[in-house]
Amino acid sequence: MAVDTMAGGTTDVPTVPTIVLVGHGMVGQRFLEALADRGVTERARVVVLCEEPRAAYDRVHLTSYFSGTTPDGLALAEDGFMEKHGIELRLGDPALTVDRAARTVTARSGLTFGYDTLVLATGSFPFVPPVPGKDTEGCFVYRTIEDLLAIEEYAATGGTGTVVGGGLLGLEAAGALKGLGLDTHVVEFAPRLMPVQIDEGGGEALRRTIEEMGVTVHTGVGTQAIVAGEDGRVAAMSLSDGSTLTTGLVVFSAGVRPRDQLARECGLPVGERGGIVVDEQCRTEDEAVYAIGECALASDGRVYGLVAPGYEMAETAAKAIAGDAGSFKGADLSTKLKLLGVDVASFGDAHGATPGCLDVLYSDSRSGVYKKLVVSREGVLLGGILVGDADSYGMLRPMTGSVPPVPPERLVLPAGAGGPVELGPSSLPDTAVICSCHNVTKGAILGAVTEHSCTTVPQLKKCTKAGTGCGSCLKVLGQLLPPAEDKGLCGCFAHTRQELYEIVRALRVTSFAALLDSHGREAARGGEGCEVCKPAVASVIASLAPSIGAPVHVLDGGQAALQDTNDHFLANLQRNGSYSIVPRIPGGEITPEKLIVIGEVARDFGLYTKITGGQRIDLFGARVDQLPLIWTRLVDAGFESGHAYGKALRTVKSCVGSTWCRYGVQDSVKMAIGLELRYRGLRSPHKLKSAVSGCARECAEARGKDFGIIATASGWNLYVGGNGGADPRHADLLAQDLSDAELVRLIDRFLMFYIRTADRLERTSAWLERIEGGLEHVRDVVVHDSLGICDELESLMSAHVAGYRDEWADTINDPERLSRFVSFVNAPDVPDPSVRFVEERDQVKPDLDLLAGPVLLAGPTLAIRTLEGTVTA
Amino acid sequence: MTIELLLDDAWFPVCDDALLTPGRGVAALLPDGSQAALFQDRHGALYAIGNRDPFTGAYVLSRGLLGSAAGRAYVASPLLKQRFDLATGTCLDDESVSTASYAVRSQ
Ligand SMILES: Cc1cc2nc3c(=O)[nH]c(=O)nc-3n(C[C@H](O)[C@H](O)[C@H](O)COP(=O)(O)OP(=O)(O)OC[C@H]3O[C@@H](n4cnc5c(N)ncnc54)[C@H](O)[C@@H]3O)c2cc1C
Ligand code: SF4
Ligand code: FES
């Protein structure tokens, strides 16, 4: 029966042992990593049979697909992982049968693989209660990316959606339906929500909060039948209380069952309620076969439906295969989740099952907060439930099993009532497990800090894996890091740029001196400031100028003295003291007439010309005193400042888009020009670059930009936080399929939020990686307005747009500003003799030999480069 | 009021003080063809040092940003950001390097 043509068939004579993994889910992938860590992949051939059409992804964060995470973004394995370790991953090719006597597995493709070791990591399948009509079109489950894609497509027409099951996954599914714009209902058979994890009080608090969000909750009723309409699609659901619920879509989320069928069929023992029976090494009755993750019935008689115990099993099995010691005897069911934006956590003996235990309870239904701790008579913390505010979970869970350093009531009371207890991790022993997903102790984290000099949470994640699972330990990880040294901007200010931004905005401070004298460090007050804070503050004032009543022109008021030389002369200083000039060419689109003007100006002033990466033209080699003359010509021809000299918007590149390109789906040039004109002159913590591509082929390289836009058939996708340069980063998807207006509004908010919260000289990429909560947080703020500041961000941007004026046009029309553009204050008509050029490839380049001498002695009578060209003395 | 630099025992008039912006510098051409960078701090104090940045050879120090540390004023080169003490012309980041310094007054 086996079509056995490929390497790996039974006819192969393997020279190395073969390990076959069935199921490439979260636990399967973790198992492969554990094998690789132990070097097993070098010694053995590893074949992975994967049923799904894609490699393992983060199922725990599945729902984040609806908030913009792409399926690729959910992928678990690092790029190149399989190739690097020589693992053969067979996508879309599930195992159908196992022949234990022959030690072979046959896959759907017809191929048969011989194994020395077989590992089953087949996970669970969603349980669909056997109600009549359960297979009607419009009924779904919620487990895979494909399920989500199908739900999304079906829900596109709107209407009502109902989730059967009010447990953890059901509420997640409900959140997703709500997000898809459906009128959402949850039907739960038990008398409360999340019956497994939380108690009645917690369930009530959760219910109230969820109902306030507009999700209708029906508890204590069962689903009796799914009723189809005339078109054969779901139309309603009849309930056990006799009522009928009109609904166009049903998601079953009534629990999961272990996928143990393969094992059953090859005669391996399975539990009464399912699950492949394994011992403490995760081995089945057959020495050569292991089972791990949700499909396994662990030695403590339980099937674990959470990822952390699955990971532990993966480690255990890998150890056993590598010949190392290890065991899995069971795990606790602690979880922390954000369901529909509500924090819910339960840990340890959450239901108070320990004989003689006591409850400590705090409940405030106004704010939807419910906290319960279970303690023993001796005061040992046994477990607890937190709803509405689970911030303390990261600390309480590792404390379980010990006597907390303060009375338990102080751990549940809100700050202010009974005293604020922000318990820090210093009260935990080194053996306390801080990250339960990856079983990382406090001692291991402190070790990473001292021995591997980790100083940030991302470094800790990389070094110890802590925090890379559910994320609930991140807060405590942050607290375990040594206090960051002085975060102040510079020697003059103890505040960060972001704090200074808020001060300037709130107090409407319009001068650097006033800010320094009122908010600088004691010793710096009354001084000059420094080269770090002056331009940083100038940028803050400039970006807020229209709304705090500061002069808009960067050379006005006290601002002139703050700008570095580039901003001061509105041009870029080059190595011999000359400047370069970049006129704005929005979207990279330019008429032949304007192109000719640039050529003529460059020729007449003897400038070196080069095309930039941002689709414009850079003119090099202008002396300070030539800048106004050059700009008079450029402004006359309709050019304006390109702000190449400022920390400001540079360019919005574009491809030709749908106008010319046969693949284009939107007019990328028009959009790019619109955006460039909207954000021109916007001062920011660092330069800002953008690009717009007319289709997914991405010719404009938008994902290498601070904000990049890629056209889709129905609108625009917005990516943020990309950059090229020394440390390139691809931009992340912020939102999809936006209309023109939605796109602009979102960019307005994004840019203003960045300008408001970034550090000095922090590109959007570094900012996204640094700020707490990362991309998700930024999306919450700018898409969902979680901080309620979007109106303000938008009005700041409209003030900018309304207040924009071309700096160069303003400058050449103002004799006072022009007086600054001289080489010498005491000889305004004398050009600087040190700025000279030699020829190379038919253009000029700086004469560096001239500068090399110790002191230049040159009289003002020296002949120099004139309008007619380069003339040497 | 005129700003003057002391060159070889004689005061050389440079410009009217209204041409200076507190916190910034300007370049002055000296009779021997060399260049000075002239600064005024926010309290009105005047400074003059050589305009040539010894690290790059470019005549640009007058275009650097003025700062102060521990009560002493300095300018940071606009090219590679080395700082020069405005009273002595010594580079604060590399004491073996310095530029000229001049006595300056407002008459
Ligand atoms: C929406 C959602 C939210 C969740 N949230 C959380 C949470 O917050 N915290 C938490 O701890 N857990 C959560 N879970 C549970 C968590 O995802 C699972 O515990 C975890 O994925 C289990 O990993 P696994 O590898 O055992 O199973 P899976 O990840 O399901 O992987 C099993 C894989 O095996 C494949 N397979 C099955 N049979 C075969 C075969 N015969 N041949 C080849 N391949 C096969 C399946 O297609 C699947 O890809 C959530 C689950 C869902 C669906
Ligand atoms: S991104 Fe698309 S539309 Fe733009 S040039 Fe490339 S293929 Fe054409
Ligand atoms: S506890 Fe889940 S990532 Fe650390």
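These legends describe close-up views of a predicted model.

**View 1. Chain A, overall make-up and confidence.**
Chain A holds 27 helices and 38 strands. It has 873 residues, and 54% of them are buried. Its accessible surface is about 36600 Å². Carbon and sulfur atoms supply 52% of that area. Of the contacts in chain A with a separation of 6 or more, 61% link residues 24 or more positions apart.
Mean pLDDT for chain A is 87, with 93% of residues at 70 or more. Residues 1–12 of chain A have pLDDT below 50, and beyond near neighbours in sequence this stretch makes 24 contacts in the model. Residues 856–873 of chain A also stay under 50. For that stretch, the model shows 37 contacts beyond four places in sequence.

**View 2. Chain B, a chain of strands.**
Chain B has 10 strands and zero helices. Along the sequence, its pattern reads β-β-β-β-β-β-β-β-β-β. Chain B has 107 residues, 57% of which count as buried. Its accessible surface comes to about 4300 Å², with 49% belonging to carbon and sulfur atoms. Take the contacts in chain B between residues at least 6 apart in sequence: 38% of them join residues at least 24 apart.

**View 3. The shell around ligand 2.**
The residues surrounding ligand 2 come from two stretches of numbering in the 650s–660s and 690s, as listed here.
- Lower numbers: A:Cys655, A:Gly657, A:Cys661, A:Tyr663 and A:Gly664.
- Higher numbers: A:Ser693, A:Gly694, A:Cys695, A:Arg697, A:Glu698 and A:Cys699.

By class, five residues of the shell are nonpolar, four are polar and two are charged.

**View 4. Helix α20 of chain A and its cover.**
Helix α20 of chain A runs over residues 668–679, 12 residues in total. From first C-alpha to last it reaches 16 Å, close to the 16 Å expected at 1.5 Å a residue. Its buried residues are A:Ser668, A:Val669, A:Met671, A:Ala672, A:Ile673, A:Leu675, A:Glu676 and A:Tyr679.
What covers these buried residues includes four strands of chain A: β32 (649–654), β33 (688–693), β34 (707–712) and β35 (715–720). The cover also includes helices α21 (740–757) and α24 (790–803) of chain A. Just after α20(A), A:Gly681 adopts a positive phi of about 80°.

**View 5. A:Lys653, a buried lysine in strand β32.**
A:Lys653 sits in strand β32 of chain A, a strand that is part of the cover over α20(A). A:Lys653 has a relative accessible area of 8%, so it counts as buried; the cut-off is under 20%.
Neighbours within four places in sequence are left aside in the contacts that follow. A:Lys653 touches A:Gly613, A:Gly614 and A:Gln615. It also contacts A:Ala672, which is one of the buried residues of α20(A). Further contacts of A:Lys653 are A:Ser690, A:Ala691, A:Val692, A:Ala700, A:Glu701 and A:Lys705.

**View 6. A:Val342, a buried valine in strand β22.**
A:Val342 is found in strand β22 of chain A, residues 342–348. Its relative accessible area is 4%, so A:Val342 is buried.
The C-alpha atoms of A:Val342 and A:Ile210 are separated by 7.9 Å, although the two residues stand 132 residues apart along the chain. Beyond its neighbours within four places in sequence, A:Val342 contacts A:Leu206, A:Thr209 and A:Met213. A:Leu337, A:Val387 and A:Gly388 are also in contact with A:Val342.

Terms used:
Residues are numbered from 1 along each chain as its sequence is written. Chains are lettered from A and ligands numbered from 1 in the order in which they are written. This is a predicted model: local features need pLDDT of at least 70, side-chain atom pairs count only at pLDDT 80 or more; totals for chains, interfaces and linings use all residues. Side-chain values use heavy atoms; hydrogens and water are left out. A residue is near a molecule or strand if one of its heavy atoms lies within 4 Å of it. Ala, Val, Leu, Ile, Met, Phe, Trp, Tyr, Cys and Pro count as nonpolar, Asp, Glu, Lys and Arg as charged, and the others, Gly among them, as polar. pLDDT is the predictor's confidence in each residue, from 0 to 100. Contact means heavy atoms within 4.5 Å. Helices (H or I, at least four residues) and strands (E, at least two) are DSSP runs, numbered from the N terminus. Buried means under 20% relative accessible area, exposed over 50%, partly exposed in between (1.4 Å probe, protein chains only). Accessible areas come from the Shrake-Rupley method with a 1.4 Å probe; for residues, only the protein chains shown count as cover. The expected span of a helix is 1.5 Å times one less than its number of residues.
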